[in-house]
Amino acid sequence: MTLDIYTLFICELYVLGFLSIILVFAWVGAQYDRVLGFTTLALVLTLGAVFLSSLRSAGLHFLPIAAGNVVMLLAYGGLLSAFRTFCQQPLGVSWLCGALLWAVLCLFPQFYYDPPKRVLMMCLLCIIYTGALIRLLWQSRATLPVTFWPAQILLWIHLLFHVARIFLDDAVATPVRGAIGGSGFSVYVILESILFVIGLAFTILAMVNERTQLAHKLASLHDPLTSVWNRRALFEQAERLIMRQSRQPKPYIYTAVLFDLDHFKSINDHYGHLQGDRVLIDFCQVVKALLPGESHFARLGGEEFAALLPGDSEQARRVCERIRLATQLSQPNDICYTVSIGFATASLPHQAFPALLALADEALYRAKASGRNRIEHYVGHPELMSTAVAS
Ligand SMILES: Nc1nc2c(ncn2[C@@H]2O[C@H](COP(=O)(O)OP(=O)(O)OP(=O)(O)O)[C@@H](O)[C@H]2O)c(=O)[nH]1
């Protein structure tokens with residue numbers, strides 16, 4: 001099969017134009033997401049660069065060789081900025097270096113009029129930019145909450161293609177219109193770049209989409225004020241725990257704890273709502289520092305919090321007592337506050353978490369009624385608890 005350079009060139013302009021339009025819509029739809037913004041910019045610049053580069057076959061020299069390649073290297077800079085933004089790194093000035101270097105080199109006739117030198121330099125700059133993108137993704141892999149290996153594969157293919165081009169492109173000019181790069185090797189350059197831009201544009205779209213979905217999922221499971229889990233997350237975690245433990249031969253002893261800050265309304269009334277918020281955040285810090293590792297803790301709403309602890313009632317009482325005392329001593333911004341705690345212990349699979357939490361609520365009610373700043377334990381035999389809740 002022979003590939004016609006001019007047809008491929010038209011295809012490339014079409015693909016770049018179409019992808020640019022898709023990316024503009026995606027960028028606007030994603031509330032002007034910076035990653036998509038830089039990717040769109042890179043695509044539009046590539047479109048311009050491809051067009052300028054093709055003017056070589058119309059007998060022009062400056063526009064394709066100087067301007068076209070500067071614009072192409074700016075497109076690489078745009079891509080670098082997109083990936084840096086995605087990896088939450090500062091943009092720096094490296095995105096500009098390739099374009100500047102090319103502009104300076106074009107001032108030297110030994111470079112400007114020497115196609116092999118130009119091809120070599122362009123390949124090296126593409127390899128450097130692509131290598132930088134691969135390195136960036138690799139270094140951020142631990143913190144990147146998305147699937148990044150398709151982008152890695154694509155970038156490696158692009159890098160290896162340019163390594164191959166160094167050896168295979170003889171840089172002998174061809175008169176074919178639209179011959180990007182000027183030589184007969186253009187057909188492969190155009191073909192690879194079509195596949196690269198399609199793959200990369202959709203990979204970046206998928207990565208941004210995955211990250212956004214994850215952020216929304218996390219937001220739906222966290223309390224925005226205190227950053228601890230919310231009710232939905234706690235119940236989901238409890239359900240997963242129950243599923244896991246139901247496969248174990250031994251019953252799993254665990255405790256549901258309810259915390260309610262005392263006279264919180266008067267803290268709000270006396271110190272203001274903002275200071276009330278400060279107290280809620282402080283309480284979460286106190287609890288998180290004292291809960292055992294395998295516990296789950298969440299804000300249920302207002303000044304009410306809940307936890308799921310592994311272990312029996314004695315262990316739970318010790319933890320609750322430490323939390324009660326630490327809360328009393330905490331005093332954020334000199335505001336004294338206390339907490340009432342109710343808890344209930346049972347074993348899985350005999351007692352489900354929501355039912356156990358209802359029993360802890362009964363205990364909490366007694367803690368409030370008996371003067372607050374105290375801990376109450378639901379007393380009832382674990383096996384009888386489900387009956388108690390049902391009645
Ligand atoms: N600052 C602040 N206050 C909140 C928030 N959510 C709920 N509240 C307030 O929490 C207070 C809860 O008051 P109550 O339910 O009467 O309970 P309490 O004053 O703590 O009394 P007891 O629980 O009986 O000790 C109300 O004044 C709510 O406005 C919040 O996110 N921030």
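How do helix 10 and helix 11 lie relative to each other: roughly parallel, roughly antiparallel, roughly perpendicular or oblique? Take a look at the close-ups below, keeping in mind that this is a predicted model.

**Figure 1. Helix 10 against helix 11.** Here helix 10 (residues 264-271) packs on helix 11 (residues 273-290). Their axes are 6 Å apart and make an angle of about 135°. That angle is over 115 but not over 145 degrees, so the two helices count as oblique to each other. On the helix 10 side, the contact is made by F264, I267, N268 and Y271. Helix 11 brings H273, Q275, G276, V279 and L280 to the contact. Sorted by class, that gives five nonpolar residues, four polar ones and no charged ones.

**Figure 2. Around the ligand.** There are 16 residues around the ligand, and those that come nearest are H263, F264, K265, N268 and D277. Two of these names, F264 and N268, may ring a bell from Figure 1, where they take part in the contact of helix 10 with helix 11. Now for some atom pairs. A polar backbone atom of K265 sits 2.8 Å from an oxygen atom of the ligand. N268 uses its side chain instead: an N or O atom there is 2.8 Å from a nitrogen atom of the ligand. K368 joins in too, with a polar side-chain atom 3.0 Å from an oxygen atom of the ligand.

**Figure 3. Helix 4 alongside helix 6.** Next up are helix 4 (residues 94-105) and helix 6 (residues 115-139), whose axes are 11 Å apart. The angle between them is about 175°, and anything over 145 degrees counts as roughly antiparallel, so that is what we call this pair. Helix 4 makes the contact through S94, W95, L96, C97, G98, A99, L101, W102 and L105. From helix 6 come R118, M121, M122, L125 and Y129. Eleven residues of this contact are nonpolar, two are polar and one is charged.

**Figure 4. V35 and its surroundings.** V35 belongs to helix 2 (residues 34-54). Is V35 buried or exposed? Its relative accessible area is 4%, which is under the 20% cut-off, so V35 is buried. Setting aside neighbours within four places in sequence, V35 is in contact with A82, T85, F86, I204, V208 and R211. P116 is another story: it is 81 residues from V35 in sequence, and the two C-alpha atoms are 35 Å apart in space.

**Figure 5. S81, tucked into helix 3.** S81 is part of helix 3 (residues 62-86). With a relative accessibility of 4%, S81 counts as buried. Which residues does S81 touch, not counting those up to four places away in sequence? They are F38, L91 and W95. W95 also appears in Figure 3, on the helix 4 side of the contact with helix 6.

**Figure 6. Two loop residues with a positive phi.** Most residues other than glycine have a negative phi. Y32 goes the other way, with a positive phi of about 55° although it is not a glycine. You'll find Y32 in the loop between helix 1 (5-29) and helix 2. Q88, also not a glycine, has a positive phi of about 55° as well. Q88 lies in the loop between helix 3 and helix 4. Its relative accessibility is 75%, and over 50% means exposed, so Q88 counts as exposed.

Key. Residues numbered from 1 in each chain as written. Predicted model: local features only at pLDDT ≥ 70, side-chain atom pairs only at ≥ 80, totals over all residues. Heavy atoms only, no water. Helix = DSSP H or I, 4+ residues; strand = E, 2+ residues; numbered from the N terminus. Buried < 20%, exposed > 50% of the residue type's maximum accessible area, 1.4 Å probe, protein only. Contact = heavy atoms within 4.5 Å. Axes fitted to C-alpha atoms, helices over the stretch in contact; angles between N-to-C directions. Parallel < 35°, antiparallel > 145°, perpendicular 65-115°, else oblique. Nonpolar A, V, L, I, M, F, W, Y, C, P; charged D, E, K, R; others polar. Near = heavy atom within 4 Å. Polar contact = N/O pair within 3.5 Å; in protein donor to acceptor, adjacent residues only side chain to side chain.
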